[in-house]
Amino acid sequence: MLFHPPKNPVELKIRHLNDAQKQRREDLMEATQGKAALKQFKKVMAKKAKQALKAKTKNKKKHTEDKAQVFVLDFDGDIKATAVKHLREEISTLISTANKGDEVIVRLESGGGLVHGYGLAAAQLVRLKDAGLKLTVCVDKVAASGGYMMACVADKVIAAPFAIIGSIGVVSQLPNFHKWLKNHDVDYEMFTAGDYKRTVTVFGENDAEDRAKYQEELEQTHELFKHFVNNYRPTLDVAKVATGEHWYGEDALKLNLIDSLQTSDSYILERMEDNEVYALYSRQKPTLAEKLGLAQAAEATLSMAVDKLPDTLARFDLNSRLNILK
């Protein structure tokens with residue numbers, strides 16, 4: 001892909017969901033009703049398609065614009081939002097190809113994570129809107145914290161009834177080993193330039209001033225988060241929902257965190273009735289070894305060896321003791 005280094009190439013797969021759904025429907029009809037029924041069904045559908053094409057040609061002057069296309073992307077977020085490396089490639093492709101007015105559906109699943117990672121992921125979605133594309137985010141399970149930061153950018157946020165939504169808050173936690181080091185006569189020294197280059201630390205002794213400054217930084221981040229949400233959902237009462245709590249879909253709808261209740265599958269099927277829908281999948285391009293199955297074979301062999309290691313060591317230990325007894 002365009003922005004990926006040559007050593008780590010990414011390939012893009014495109015699937016026409018209308019064709020895929022049509023094929024599944026025909027397979028099921030053939031299995032349940034027989035080939036004759038399928039043949040008759042195809043004739044009826046071909047006739048309808050011919051009539052639709054004729055009507056479209058007849059009314060071409062009245063319809064100056066073609067129907068908008070719909071594109072589906074997936075974002076499965078971990079704590080570092082590593083999926084953004086593929087999302088940015090897919091979005092760059094769409095921006096350079098899609099027409100203004102086309103719709104992008106992002107099936108989003110994430111419980112949140114690092115601020116800068118999800119800040120970048122949200123900024124990638126903003127690029128779609130800046131390019132004049134309609135953005136819809138569908139949440140089937142969870143879009144919390146950084147996940148909701150991404151979702152709120154959309155023109156429309158759709159969630160399943162029991163999807164987890166919200167958690168507009170900031171959290172940070174770390175252990176402190178100062179007392180343990182002190183008890184073991186271990187000194188810890190840290191040198192900084194700048195009053196607040198470091199505040200709370202893992203190994204040093206934290207005082208009230210350190211904690212106060214760190215809390216201040218968390219509050220600043222929270223204010224940025226609230227401002228970001230309010231910017232993209234101005235009708236939302238941010239003060240009411242920015243408590244760090246999360247809500248299930250039905251309650252989230254009442255609070256205006258989302259716009260409607262529906263699964264992503266249901267929404268996409270609706271869009272397929274009148275539009276051509278394409279799903280984009282990008283992945284790390286497999287190496288030659290992976291294509292030949294060598295990598296998987298080596299991994300399986302290693303896994304088998306690890307599983308058998310305890311038995312091998314036990315037999316070795318038994319043989320050693322037997323030799324000694326001799």
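In this tour, Ala, Val, Leu, Ile, Met, Phe, Trp, Tyr, Cys and Pro count as nonpolar, Asp, Glu, Lys and Arg as charged, and the others, Gly among them, as polar. Keep that in mind for the pocket stop below. The model on your screen is a predicted one.

**Stop 1: the seven-stranded sheet**

Switch to a cartoon view and look for an open sheet of seven strands, which follow the order β1-β10-β2-β3-β4-β6-β9 with mixed pairing. To find its borders, select residues 10-16 for β1 and 260-261 for β9; these are the edge strands, and each pairs on one side only.

Next, select residues 70-76, which make up β2, together with residues 277-284, which make up β10. The two strands run parallel and are joined by three bridges. For one such contact, pick Phe 71 and look across to β10, where its bridge partner is Tyr 278. In general, strands of a sheet pair through backbone hydrogen bonds, either parallel or antiparallel.

**Stop 2: the three-stranded sheet**

Now move to another open sheet, formed by three strands in the order β5-β7-β8, again with mixed pairing. Its edge strands are β5, at 142-144, and β8, at 246-248, each pairing on one side only. On average, neighbouring strands here are turned by 30 degrees against each other, direction ignored.

Select residues 164-166 to highlight β7, which runs antiparallel to β8 and is joined to it by three bridges. Which residue of β8 is the bridge partner of Ile 164? Select Tyr 248 and you have found that partner.

**Stop 3: the second largest pocket**

Turn on a surface and select Gly 113, Leu 114, Val 115, Val 170 and Val 171: among the 20 residues that line the second largest pocket, these lie nearest its centre. Add α4 (115-130), α5 (146-151) and α7 (208-232), the elements that each give two or more residues to this lining. Of these, α7 gives the most, with five residues.

How much space lies in this pocket? The volume is about 530 Å³. Colour the lining by residue type, and you should find ten nonpolar residues, nine polar and one charged.

**Stop 4: two cysteines**

Finish by selecting Cys 138 and Cys 152. Are they buried or exposed? Cys 138 has a relative accessible area of 1%, and Cys 152 has one of 0%. Both are buried, because buried means under 20% relative accessible area. If you go looking for disulfides, the structure holds zero of them.

Methods:
Residues numbered from 1 in each chain as written. Predicted model: local features only at pLDDT ≥ 70, side-chain atom pairs only at ≥ 80, totals over all residues. Heavy atoms only, no water. Pairing = 2+ DSSP bridges. Helix = DSSP H or I, 4+ residues; strand = E, 2+ residues; numbered from the N terminus. Axes fitted to C-alpha atoms, helices over the stretch in contact; angles between N-to-C directions. 1 Å grid on protein atoms, 1.4 Å probe; cavity = no way out; pocket = protein on both sides within 12 Å on 5 of 7 lines; lining within 4 Å. Points joined across faces, edges and corners; volume = space filled by probe spheres on them. Disulfide = S-S within 2.5 Å. Buried < 20%, exposed > 50% of the residue type's maximum accessible area, 1.4 Å probe, protein only.
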